[in-house]
Structure formats: structure tokens, C-alpha cells
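Visitor: Could you take me through one part of this model closely, as you would for a colleague at the bench? I'd like to see how that part is put together, and then how the rest looks beside it.

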Amino acid sequence: MTDSSKISQPVKAPLKDLALVFLRLGTIAFGGPAAHIAMIDQEIVERRQWVTRERLLDLIGFTNLIPGPNSTELTIHIGYEQAGWRGLILAGTCFILPAMLMVWGLAILYTHSQNIPQGQSILYGIKPVIIAIVLQAFWNLGKKAIKDVPTILGSLGAIFAYFTGFNEVVALLGIGVIVMVIKARESQPPFWGKKPRLGLFPLFPLLTFVNSPPDPDKTINGLQVFLLFLKIGFVLYGSGYVLLAFLQREVIDHHQWLTSEQLLDAVAIGQLTPGPLSTTATFIGYLLAGNMGAIAATVGIFCPAFLLVRMVNPWVTKLRQSPWAGGFLDGVNGASLGLMVGVTYSLGQTALIDGFSLILSLGSAIAVFRFKINSVWLVLAGGLLGFFIQGR
């Protein structure tokens with residue numbers, strides 16, 4: 001097999017091949033971002049030699065510097081480098097589309113099964129499994145996010161912000177900036193002696209989306225859903241599971257549009273489908289505003305990924321080496337970890353309601369931590385157990 005890391009002139013892909021490859025990857029991409037990236041490496045680097053492994057590693061590292069689902073942004077980067085703006089749109093859309101359609105269909109079924117005992121029984125078994133999966137994501141993120149004293153304090157600050165009701169967006173950005181400044185001053189001359197070289201660029205498109213006043217009495221429409229998820233898409237750092245923290249605060253605590261139980265159901269449905277966990281937005285959008293809401297939520301949450309990749313792709317090499325951008329990312333990841341602590345606690349109160357759910361969650365945690373069992377199989381097993389315990 002050819003050593004793809006030594007390819008000097010990567011192959012350029014036709015648009016048709018881009019569409020077919022990323023449609024197929026989007027259909028089988030179970031297991032989370034790490035599994036998605038492994039599939040992309042095998043298909044794009046090893047088999048098709050569209051990019052070198054060095055370039056792929058650069059793009060993987062850089063997706064951590066901008067908000068949005070990392071594996072999806074990786075496909076968007078590859079599409080852009082292969083075929084410009086047409087490849088950017090085509091690759092990202094084809095990777096997202098299979099999961100969106102599956103989640104959309106399941107959302108329609110869900111609205112008809114909520115009052116069916118068997119449907120509730122399946123979700124009763126899935127919810128405790130979700131808690132274990134979120135804990136695993138929390139653990140994996142923590143091993144990378146907690147690097148030093150500033151990131152530890154940033155994580156603790158985010159936990160405090162969550163439980164005191166402080167705006168998560170402000171906390172996330174504020175902690176990122178503070179850690180960035182601390183790390184930059186420790187590693188180089190004062191910032192007034194050297195420009196940050198776009199280290200703060202993720203902040204500018206976010207500032208107009210920080211505040212959204214609650215209006216729980218107003219009928220929800222597609223535009224409201226779009227703007228809500230557009231805001232979330234611009235600040236979704238760290239992990240797809242951080243999406244839960246924003247949804248908990250926005251659609252439950254702030255607007256009171258949904259319940260915590262419905263949010264858990266949405267995550268459970270998202271776990272049953274391939275692709276990025278952010279397609280949970282499709283499910284939430286459907287619950288809020290029907291078919292138009294499903295489309296609006298999906299476009300809203302993924303739109304920032306397309307825009308930001310297009311903006312920053314030419315800067316990949318320079319920004320990857322920027323201590324300012326790296327410091328901001330460290331702070332945001334630490335804060336994301338703190339938000340995950342808060343949302344895990346809130347969701348656990350809804351999911352762990354009896355002895356069976358506690359045992360199932362504990363067993364699932366052992367399965368994912370000790371035996372590395374794929375979360376898809378755990379979710380399916382939890383659904384079957386829930387059906388046999390409650391649905392008979």
C-alpha cells in the first residue's frame with residue numbers, strides 16, 4: 001500500500017466522486033467523531049489519496065479552533081480543497097444528509113409514539129445508557145481539556161456559571177479569552193507588543209448572537225428555530241455533547257418550549273443514527289415547528305461550520321501555530337468540560353428514576369469504559385431491555 005504521507009501531489013476528486021464518497025460515509029459514520037475521522041482517513045488518505053496524512057492532521061487540529069462538529073468540518077475542509085466552494089457545499093451536505101433524513105423520520109414517528117407504552121418503554125431503557133455515554137464523552141474531553149491551572153479554573157468557573165444560571169455563551173467566550181491572555185503572557189512578550197494574528201477571530205461573528213430575550217408565549221416559527229440554532233452553531237465548541245448544555249438552557253430553562261425528558265429523547269434518537277450528534281437539532285426543530293422547524297434547525301446549526309471553514313481554510317497553517325488561538329481553544333475546552341458537568345447532572349435527574357435505570361446506567365458505563373463497546377449497540381440494547389421491562 002502506498003504511504004499516503006509521502007504523496008507530493010494529491011489527487012483531485014470530481015464532484016460526483018465527492019458526493020458519492022461522503023454520502024456513503026455519512027450513512028455508515030456511527031461511533032462519534034473519532035470513528036468518523038478514522039473512516040475519513042482510511043477512505044480519503046489511504047484509499048483515494050485525495051490529501052496527504054500531514055494535511056489531514058493539520059485540518060483535524062484546526063477544526064478544534066472553530067465551533068461546530070469536528071468531523072463534519074473536516075469533510076467540509078476536504079471538499080473545499082478538492083473543488084472550491086462547490087466541493088465545500090457538496091461534501092458537507094452529503095455527509096450530513098443521511099443522518100438528517102433518518103432523525104427527521106424518527107422525529108415524525110416519535111410524535112405518534114409518545115402515548116404508546118411500547119415507545120415510551122424503549123426510550124425508558126435508552127435514557128440511562130445516554131447518561132453513561134455522556135460520561136464517557138466527558139471523560140475523554142477532560143483528558144485533553146484539563147492541562148494546567150488556568151484550564152482547571154476555567155472548568156470550575158463554567159460549572160459555577162451553569163448552576164447559577166449565568167449565560168453559557170458569555171461564560172464560554174469569557175473563559176476562553178482569559179485563558180488565552182494568561183497563556184500568551186506566560187509564553188511570549190506582552191500582547192501589546194505583538195498582534196494576536198486573528199487569534200480572536202471566532203469571537204466576532206458571535207457577539208451579535210449572545211442575547212436572545214425569552215418569549216415563551218409566542219407561537220414558535222421556523223425563523224425563531226433557525227436563529228436559535230444559528231446562535232448555538234456559532235458557539236458549539238468542545239464536543240457535540242456540549243450541545244445539550246445550550247439546549248437545556250435555551251429551549252427548557254429559558255424559553256420553556258420543551259421538557260428535559262424530551263431533550264433526553266432527542267439525544268437518544270440521535271444516538272441511533274450515524275453522522276454528527278448535532279443532527280439532534282433536526283429532531284428538536286421538528287418538535288418545535290414541524291417540518292419547517294426540522295429544516296430550519298438543521299440549516300441553522302450547520303451553517304456556521306460551512307461559513308467558518310470557508311473563512312479560515314486559507315489560514316490553516318498560520319493559525320495552527322498561533323499561541324493566541326491555542327490559548328483560546330484551551331480555555332474554551334476547559335469551559336466546555338464544566339458545562340458538560342452541569343448538563344450531565346440535570347439529565348441524570350430525569351433519566352435515573354429507579355433501581356433498573358441506575359443499574360442499566362452503571363452497566364453501560366462499565367461497557368463503554370472497560371470494554372469499549374460501541375455506543376450504538378448499547379443504545380439498541382438499552383431500548384430492548386426497556387421494552388421487555390416496561391412494554392410487556
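Guide: Happy to! One idea first: a helix axis here is a line fitted to the C-alpha atoms over the stretch in contact, and the angle between two axes runs from 0 to 180 degrees, taken between their N-to-C directions. Please keep in mind that this is a predicted model.

Let's look closely at the packing of helix H6, residues 149–163, on helix H13, residues 323–351. Their axes lie 7 Å apart and make an angle of about 40°. An angle under 35 degrees would count as roughly parallel, and one from 65 to 115 as roughly perpendicular. The value here falls in neither range, so H6 is oblique to H13. As for its hand, the crossing of H6 and H13 is right-handed.

Which residues make this contact? From H6 come Thr-151, Gly-154, Ser-155, Ala-158, Ile-159, Tyr-162 and Phe-163. H13 answers with a list that includes Asp-330, Gly-334, Ala-335, Gly-338, Gly-342, Tyr-345 and Ser-346. Leu-337, Leu-339, Val-341 and Val-343 are among the H13 residues in the contact too. By class, the residues of the contact of H6 with H13 are 10 nonpolar, 7 polar and 1 charged. Gly is placed with the polar residues in this scheme, so Gly-154 of H6 and Gly-334 of H13 are counted there.

Pro-150 is worth a stop as well, since this residue is found in helix H6. Is Pro-150 buried or exposed? Its relative accessible area is 15%, and buried means under 20%, so Pro-150 is buried. Leaving aside residues up to four places away in sequence, Pro-150 touches Val-179 and Ile-182. Pro-150 and Gly-327 are 177 residues apart in sequence, yet their C-alpha atoms are 9.9 Å apart in space.

Now for the setting. The protein has 15 helices and 0 strands. Of its 392 residues, 54% are buried. Among the contacts with a separation of 6 or more, 78% are between residues 24 or more positions apart. On the outside, the protein exposes about 17200 Å², and carbon and sulfur atoms supply 65% of that area.

Two other helix pairs can be set beside H6 and H13. Helix H2, residues 33–47, and helix H3, residues 53–63, have axes that come within 10 Å and cross at roughly 150°. Since angles over 145 count as roughly antiparallel, that makes H2 roughly antiparallel to H3. Their crossing is right-handed. On the H2 side, the contact uses Ile-37, Ile-40, Asp-41, Val-45 and Glu-46, while H3 brings Arg-53, Leu-56 and Ile-60. The class count for H2 with H3 is 5 nonpolar, no polar and 3 charged residues.

Ala-35 is placed in H2, and with a relative accessible area of 24% it is partly exposed. The C-alpha atoms of Ala-35 and Ser-71 are 9.1 Å apart, with their positions 36 residues apart in sequence.

The other pair is helix H8, residues 222–234, with helix H9, residues 242–254. Here the axes are 11 Å apart, at an angle of about 145°, and the crossing is right-handed. Leu-228, Phe-229, Lys-231 and Ile-232 of H8 meet Leu-243, Phe-246, Leu-247, Glu-250 and Val-251 of H9. That contact has 7 nonpolar, no polar and 2 charged residues.

Following the chain on from H9, you reach the loop between H9 and helix H10 (260–271), where Gln-256 has its place. What is unusual about the backbone there? Most residues other than glycine have a negative phi. Gln-256 has a positive phi of about 60°, although it is not a glycine, and at 59% relative accessibility Gln-256 counts as exposed. Lys-372, in the loop between helix H14 (355–370) and helix H15 (375–390), has a positive phi of about 55°. Lys-372 is exposed, with a relative accessible area of 63%.

For a last stop, find Val-312 in helix H11, residues 280–312. Val-312 counts as buried at 4% relative accessibility. Val-312 and Phe-62 are 250 residues apart in sequence, while their C-alpha atoms are 9.2 Å apart in space.

How values were computed. Residues are numbered from 1 along each chain as its sequence is written. This is a predicted model: local features need pLDDT of at least 70, side-chain atom pairs count only at pLDDT 80 or more; totals for chains, interfaces and linings use all residues. Side-chain values use heavy atoms; hydrogens and water are left out. Helices (H or I, at least four residues) and strands (E, at least two) are DSSP runs, numbered from the N terminus. A crossing is left-handed if the near helix is turned anticlockwise from the far one by less than a right angle, and right-handed if clockwise. Contact means heavy atoms within 4.5 Å. Buried means under 20% relative accessible area, exposed over 50%, partly exposed in between (1.4 Å probe, protein chains only). Accessible areas come from the Shrake-Rupley method with a 1.4 Å probe; for residues, only the protein chains shown count as cover.
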